[in-house]
Amino acid sequence: MKGIIAIAKNTFKELVRQKIFFIIVIFGFSLLFISFFLYPLSVGEQSKIIRDFGLSAITFFNTILVIIVGGSLLHKEFDKRTIYLIVTTPVERREIIIGKFFGFLVLILINIIGMSIFHQILIFLTDGKFDLKIFIALYPFIFEISIIISILIFFSTFTGVIFSAFMGFIFYVIGHLIESLKLFSEISKSLFLKIISYFLYYFLPNLEHFNIKNNIVYGEIPKKEYFLFSTSYGLIYIILLLYISSLIFEKKEFK
C-alpha cells in the first residue's frame with residue numbers, strides 16, 4: 001500500500017507540472033463561462049440550456065484531458081529512465097500500475113469538482129439558486145473516466161504514447177456508439193461481420209451506461225438499482241484492465 005501511495009503522489013505532482021494540463025483546464029473553464037452568455041439567447045429553456053451545456057463541457061474537457069495526458073503516464077518514466085530506478089526499489093510493478101491510476105484519477109476528480117463548483121456558481125447567477133442534482137450525473141461519469149484511464153494504462157504497457165492515446169479515443173467513441181454496433185450486427189447479412197459485431201458489443205465497455213446527463217437536466221433521477229449496476233459494471237472493467245496491465249508490466253523487460 002505504501003508503494004501505491006508513493007507512486008500516486010509522485011504521479012499527481014508530475015501531472016500538475018505539465019503545461020498541457022493547465023491549457024486544457026483553462027479551455028474547460030472558459031467554455032463553462034461561455035454558457036453564462038448563452039443564457040439570454042435561449043428562449044423558454046434557459047435553465048436546461050445552462051445545465052446541459054455545463055455538464056457537457058465538464059465531461060468533454062475531462063475526457064479530452066484524460067486521453068491527451070493519460071497516454072504518457074508510463075512512458076514519461078521510460079523517457080526519463082526513472083523506471084530503471086523504480087524497479088530496483090521494493091515497490092512492486094503492479095503497485096506502479098495502480099499508483100499511476102490513482103494519482104491520475106485524483107487529479108481528474110479535483111478538476112471535475114472545481115469545474116462543477118464553477119458551474120454551480122453560474123447556475124446561481126442565472127437562476128438565483130444552486131442545483132445540486134447536477135452532481136448526481138457526475139457520479140457514473142467518474143467510472144467512465146476511470147475505465148478510459150485503465151484502457152490508456154493497458155495500452156501504455158506495450159505500445160507508444162500516440163497509439164495509446166489513439167486507442168483511448170477509439171474506445172471512447174465506440175463505447176458511446178456501441179448500440180449502433182448491435183444494430184449493425186442485427187441487420188448485417190455477413191455471418192462473419194455479425195459474429196464480430198456481437199463479440200465487440202458484449203466485450204467492449206458500453207460507456208452509455210454512465211451517461212445520465214439528459215435525465216438529470218430534465219429532473220429524472222435514476223433509481224438506486226441503476227447506480228448499483230453502473231458501479232459494479234465500471235468496477236469490473238477497471239479491475240480487469242488494471243489486472244491485465246499489471247501482468248503485462250511484470251513480464252516486461254527493461255533494457
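**Entry 1. Helices α1 and α6**

I began with the contact between two helices, in which G3, I4, I7, A8, T11, F12, E14, L15 and V16 of α1 meet E95, I96, I98, G99, K100, F102, G103, F104, V106, L107 and I110 of α6. I sorted the residues of this contact by type and obtained 13 nonpolar, four polar and three charged. I note here that the model is predicted.

I then looked up the geometry of the pair. Helix α1 covers residues 2-16, and its axis comes within 7 Å of the axis of α6, crossing at roughly 45°. That angle makes α1 oblique to α6. I recorded the handedness of the crossing as right-handed.

**Entry 2. K100**

I next took up K100, one of the α6 residues that meet α1. Helix α6 spans residues 93-127, and K100 lies in this helix. Is K100 buried or exposed? I found a relative accessibility of 2% for K100; the limit for buried is under 20%, so K100 counts as buried.

I also asked which residues K100 touches, not counting those up to four places away in sequence. The list I obtained is I7, T11, E14, L73, L74, E77 and I153. Of these, I7, T11 and E14 appear among the α1 residues in the contact of α1 with α6.

**Entry 3. R94**

I turned to R94, which is also found in helix α6. R94 has a relative accessible area of 36% and is therefore partly exposed. Leaving aside neighbours within four places in sequence, I found R94 in contact with S246 and E250. I also looked up R94 against Y243: the two are 149 residues apart in sequence, yet their C-alpha atoms are 8.0 Å apart in space.

**Entry 4. Helices α9 and α10**

I examined a second helix pair, α9 (residues 178-187) and α10 (residues 191-203). Their axes are 8 Å apart, and the packing angle is about 155°. Angles over 145 degrees count as roughly antiparallel, so α9 is roughly antiparallel to α10. The crossing in which α9 passes α10 is left-handed.

I listed the residues on both sides. From α9 they are I178, E179, L181, K182, F184, S185 and E186; from α10 they are L193, K194, S197, Y198, L200 and Y201. By type, the residues of this contact divide into seven nonpolar, two polar and four charged.

**Entry 5. Aromatic rings**

I searched the whole structure for aromatic pairs and obtained 17. I examined the pair F154 and F158: the ring centres are 5.3 Å apart and the planes stand at 75°, so the pair is edge-to-face.

I then looked up the accessibility of both partners. F154 has a relative accessible area of 18% and is buried, whereas F158, at 43%, is partly exposed.

F158 also pairs with F155. How are the rings of F155 and F158 arranged? I found 5.8 Å centre to centre and 45° between the planes, and the pair is tilted. F155 is buried, with a relative accessible area of 9%.

Finally, I asked which residues form one aromatic cluster with F154, F155 and F158. I found that F163 and F171 belong to this cluster as well.

Key
Residues numbered from 1 in each chain as written. Predicted model: local features only at pLDDT ≥ 70, side-chain atom pairs only at ≥ 80, totals over all residues. Heavy atoms only, no water. Phe/Tyr/Trp six-rings, centres within 6.5 Å; stacked < 30°, edge-to-face > 60°. Buried < 20%, exposed > 50% of the residue type's maximum accessible area, 1.4 Å probe, protein only. Axes fitted to C-alpha atoms, helices over the stretch in contact; angles between N-to-C directions. Helix = DSSP H or I, 4+ residues; strand = E, 2+ residues; numbered from the N terminus. Parallel < 35°, antiparallel > 145°, perpendicular 65-115°, else oblique. Left-handed = near helix turned anticlockwise from the far one by under 90°. Contact = heavy atoms within 4.5 Å. Nonpolar A, V, L, I, M, F, W, Y, C, P; charged D, E, K, R; others polar.
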